[in-house]
Amino acid sequence: MLLDFLFHYSLDSRGGNVKLAPHAAIASDLGQRLFFSIGDNPKDSRLQINDVKPEDGGVYRCRVDFFNSPTRNFRHNLTLVVPPEEPRIFDAQGKEISQLAGPFREGYELFLCCQVRGGRPPPKVTWWRDDTELIGTSHTSVEEGATMMVNQLLIGTTTRDFYGVRIECRAQGTRLVEPVRKDVTVQVYLKPVRVKIATPNELLTAGHPVPIRCESWGSYPAAKITWLLDGEPIRNAEVTVHSDKEDGNITTSILTLKVTSENDNAELTCRATNPWFSGGAIEDKRVIRVAYPPTVSVHLANEDPSRLVTRAEGQNVTFKCRADARPPVTSYSWFKNGMRMSGESTEIMHLTQLERESAGAYACGATNTEGETRSSSLTLKVQFSPRCKSGTEQTSIGAVSLQSILVKCEVDADPPDSVRFSWTYNNTRNVSPVLNSRIQSNGLASTVTYLPQTDSELITLACWASNAVGRQTAPCLVHILPANTPEAPKACELRNDTVLEVVCMAGSDGGLSQYFLLEAVGGDLLYSNDPGGSAGQGQARGQYGEAIGLGDNEISTLNDQATSAPIFRMQENSPQFRLNNLEPGREYQFLVYAVNAKGRSEPPVVIENVRVAAQLGPYDESILSEDPTPAETTHHGGGGVGGSGSSSGLGTGASTGSGPEKQSTLLILAAVVVIGAVVVTSIIVAGIVVVCRHRPRPPEPQEVRKSMRPARNDVPSMYIEEDELNELEEGGGRAAEIRARGAPPNAHLCGGGGMPGVGSSGGAIVGVAGPHHYISESFIQYAQPSLNVYIADPDLILPRGELEFTTLDPTLK
């Protein structure tokens, strides 16, 4: 048997056994890939083509030659199936997708394109989701001479179920072979589907931070969670986490919220959004409740917002405490000037019959479980009628006959403007108003000038004032009593810190203004407490008295029992004397007096045996000794020049100490200097004496009394007629002028005998240099009452029998 093929493949079975028949084929590519396979059953024999190629297709003819039969030919058409190339998937922008398609947005279009090249027969291109075919649009396209099959998939609305699914593109030419496949994963962005504030809605505490949790489901990518409080974003959300779970994409945010009382009943919002979607936000809201201490304010009950409330004495005022708190207020309290008021525990406080003491800053407090809060203050100002300034309700003033005194009255009042004064006075005979011409007022003070007629007259002046609120209920009383000489200073002692000082305590002033005097006496003849004195004591006193020219009513600054004239005197307003120029090595005795217009204190305070060591200075320790020892160093002129009333009237206050180490030349030179200083001083003192003797003396008190017309017995001195006052002013005008200027009674260098220490005998005393006042004797001065006053209420009469008199002198009781 001979098989003749188109490709010239033959099998020669003439030997009888087909299975052993030789095979022959043309040595070509196809011939090498051909083989005729003979099975047990001849019908199963067939021609096999290995590694079939597209060109192997066509019509194959099988020819069988027989020995005794005609040749038979059989034709077979071989059609070859060529699978297409792997599909290629593109997005809407023409970008090829290898594994991940998208992202696509939920609710928006999904577009994919699958292209397949080649294939015999031409393949059918389809889209599949799992085992479900997706309807697309197919067409043929030619690219670079090759035919391509294209299928475009367009889904108008992408649903959430496309999230993460796999879509497959298949190309199949015949069922004989498996289709060619290409799949991609679809990425879909999803909107959040639910949001919830997971933390229970409990009562929050003001000022205490608390974490609040909010969860969002279903968003891809993770939702952006925003917190809002009353519509305003909160920017301190601390933690945001995202987890992809089977039940949905979960996004969690934790807000640390610190609220205040103003946040009570505020709306807290948790908002979840996906940035890929506009308008796709979802929210969960809750109203928060905040526990906070009370917010308190105080105001008038009529809601007047004024912070300063003005009322008059006797009126009423009502305050109300307004409190905002959660939980509600449990108790109220009231404060005045920062101090808690007892008995006030409600939100309303009534103040009735206001007094001056009712004024102050009022605040209220409110308490709940969160604490106590105090309001700011509201100031209550209480206007009141005049009343005596504290400490001046009753005062006493000493008076000297025919020496005018200025009586002052001071009050407190609100309002302080338009305060009017009137005065009454009470003596042993009657109670009468003071003439307006004797009163002078300025603001809250009023003065009356009073001229006592005798030393024994007892007068009580009553000062009354009124303002817009009302009239003073109790007057200010001034008792005018006969003046006494002052008491001697007390507890005098020496102090030696940096400068030597004599410090005392002031005694009673006797009812008059007083000052203090220190006299320093040196030498061997010192002050004696013996009333009889020594043999030469009277002579020394007489000489000194003549030297200073004492008058009848003048105050002597000389100690009447001193055996020597003072080396110097010092005057101070307080009993404290700084002795910074004492002569070292010399022994001193100090006499301290208190002096007023009535005289000086007797006896003086005596400080004995005071000796200053050498080199006294602010940085050296002063040695005070009661054991006199010679000074080591001689000082000239430090303590001044003094004398005891000798014929020459000159003396030196500087002791001349000698020591074996001093040379005689220095002694002679020192003596010459001292003598020269004494001569120059004598000339200066003589000139002053001459000038003072030619200066006219002011009239004596007796002369002033002679120039006055006798006052009527039934009219007190306050009511002397104005012509009589004019005559008084003409007779004592100079004295009145001096008193009105406030000159102290011993402030003149000339008059009544001249300067202390300068007399007819020619004695001289030169005081210690320094910032102290030095005393000279002078005459008693007189002043007349002022007439520049106004009319007040003349009907204010002080009742009899209601006065208490204060007596300064025990002898007047």
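This briefing walks through the cores, the aromatic contacts, a sheet and some backbone features of the structure above. Please keep in mind that the model is predicted. A good place to start is the largest nonpolar core, which has 24 residues. Another good stop is Tyr220, which takes part in an aromatic cluster and is joined to Pro221 by a cis peptide bond.

**Nonpolar cores**

- Within the largest nonpolar core of 24 residues, those with the most contacts are Ile89, Leu110, Leu112, Trp127, Leu153 and Ile167.
- At least two residues of this core come from each of strand 10 (100-105), strand 11 (110-117), strand 12 (124-129), strand 15 (146-155), strand 16 (166-172) and strand 17 (180-189).
- Another core, of 22 residues, lies apart from it and includes Cys409, Ile439, Tyr450 and Val478.
- As background, nonpolar side chains in soluble globular proteins tend to be buried together.

**Aromatic pairs and charges over rings**

- The structure holds 6 aromatic pairs.
- In the pair Tyr189 and Tyr220, the ring centres are 5.9 Å apart and the planes stand at 50 degrees, so this pair is tilted.
- Because Tyr189 lies in strand 17 and Tyr220 in the loop between strand 20 and strand 21, the pair ties together parts that are 31 residues apart in sequence.
- Tyr189 has a relative accessibility of 12%, so it counts as buried, the cut-off being under 20%.
- One aromatic cluster is formed by Tyr163, Tyr189, Tyr220 and Trp276.
- Arg170 sits over the face of Trp128, 4.2 Å from the ring centre, while Arg194 lies over the face of Trp217 at 3.8 Å from the ring centre.

**A mixed sheet**

- An open sheet of 4 strands has the order 19-27-29-32, with mixed pairing.
- Strand 19 (204-205) and strand 32 (348-351) are the edge strands, each pairing on one side only.
- Strand 27 (residues 290-300) and strand 29 (residues 317-326) run antiparallel and are joined by 7 bridges.
- Tyr292 has Arg326, in strand 29, as its bridge partner.

**Backbone features to look at**

- Most peptide bonds are trans, and most residues other than glycine have a negative phi.
- The bond joining Tyr220 and Pro221 is cis, with omega about -5 degrees, and Pro221 lies in the loop between strand 20 (210-217) and strand 21 (224-229).
- A cis bond also runs from Glu602 to Pro603, with omega near -10 degrees; Pro603 is in the loop between strand 50 (599-600) and strand 51 (605-611).
- Asn265 has a positive phi, near 65 degrees, in the loop between strand 24 (248-257) and strand 25 (267-273).
- Asn337 has a positive phi near 55 degrees and is found in the loop between strand 30 (331-336) and strand 31 (339-340).

Methods:
Residues numbered from 1 in each chain as written. Predicted model: local features only at pLDDT ≥ 70, side-chain atom pairs only at ≥ 80, totals over all residues. Heavy atoms only, no water. Core = buried A, V, L, I, M, F, W, Y, C linked by side-chain atoms within 4.5 Å. Buried < 20%, exposed > 50% of the residue type's maximum accessible area, 1.4 Å probe, protein only. Pairing = 2+ DSSP bridges. Phe/Tyr/Trp six-rings, centres within 6.5 Å; stacked < 30°, edge-to-face > 60°. Lys NZ or Arg CZ within 6 Å of the ring centre and 35° of its normal.
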